[in-house]
Amino acid sequence: MATLIPSFGLGLLSFRQNEAQISDNVTRELRALASQASRELELWINKHIHTVRALSTSNAVIDGLTPIAHPPTGKPNKVPQALAHYLSSVQSKLDTILELTVVGATGQVVASSAAVPSAIILPKSWPESALTE
């Protein structure tokens, strides 16, 4: 009995220290994984922002919007189907993008890669924020 009590006490002390050390290791590992996931997510977002900016300044989009902004005289102002076909083509190549839609300054849909475009609600200050981002 004289040796059993100290052995039990040392075992309990060792168990508590190991438990605290394991908990610290798990916390440290979770923080490292969360930091890595955050960096990966930021890289993914930056890549897609760059892709969208490149697409928005492509000649196909600009040429598709020119007849809408400056309609030829004597002809009705209609949305060119080439722009919608271009958006569909690009959207099919980008597996993570569900829909590409071009909207006018007031928020009306000009062309979309979807047969029925999703509803778009633009914030009141969107032109200023779009220029600065």
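Where is the place of S113? Keep that in mind while we set the scene. This is a predicted model, where local features need pLDDT of at least 70 and side-chain atom pairs count only at pLDDT 80 or more, while totals for chains, interfaces and linings use all residues. Residues are numbered from 1 along each chain as its sequence is written, and side-chain values use heavy atoms, with hydrogens and water left out.

Now for S113: look in the loop between β2 and α4 (126–132). Helices here are DSSP runs of H or I with at least four residues, strands are runs of E with at least two, and both are numbered from the N terminus. S113 has a relative accessible area of 15%, so it counts as buried (under 20%; exposed is over 50%, partly exposed in between, with a 1.4 Å probe and protein chains only). Setting aside neighbours within four places in sequence, S113 is in contact (heavy atoms within 4.5 Å) with L87, S88, Q91, E99 and L100.

L87 leads us inward. Using that same kind of count, leaving out neighbours within four places, L87 touches L100, V102, A111, S112 and S113. L87 also belongs to the largest nonpolar core, which has 11 residues, including L55, V61 and I97. Such a core is a set of buried Ala, Val, Leu, Ile, Met, Phe, Trp, Tyr and Cys residues joined through side-chain atoms within 4.5 Å. Two or more residues of this core come from each of α3 (81–93) and β2 (109–112), and α3 gives the most, with 4.

Finally, hop over to I22 in helix α1 (residues 4–56). I22 is exposed, with a relative accessible area of 53%.
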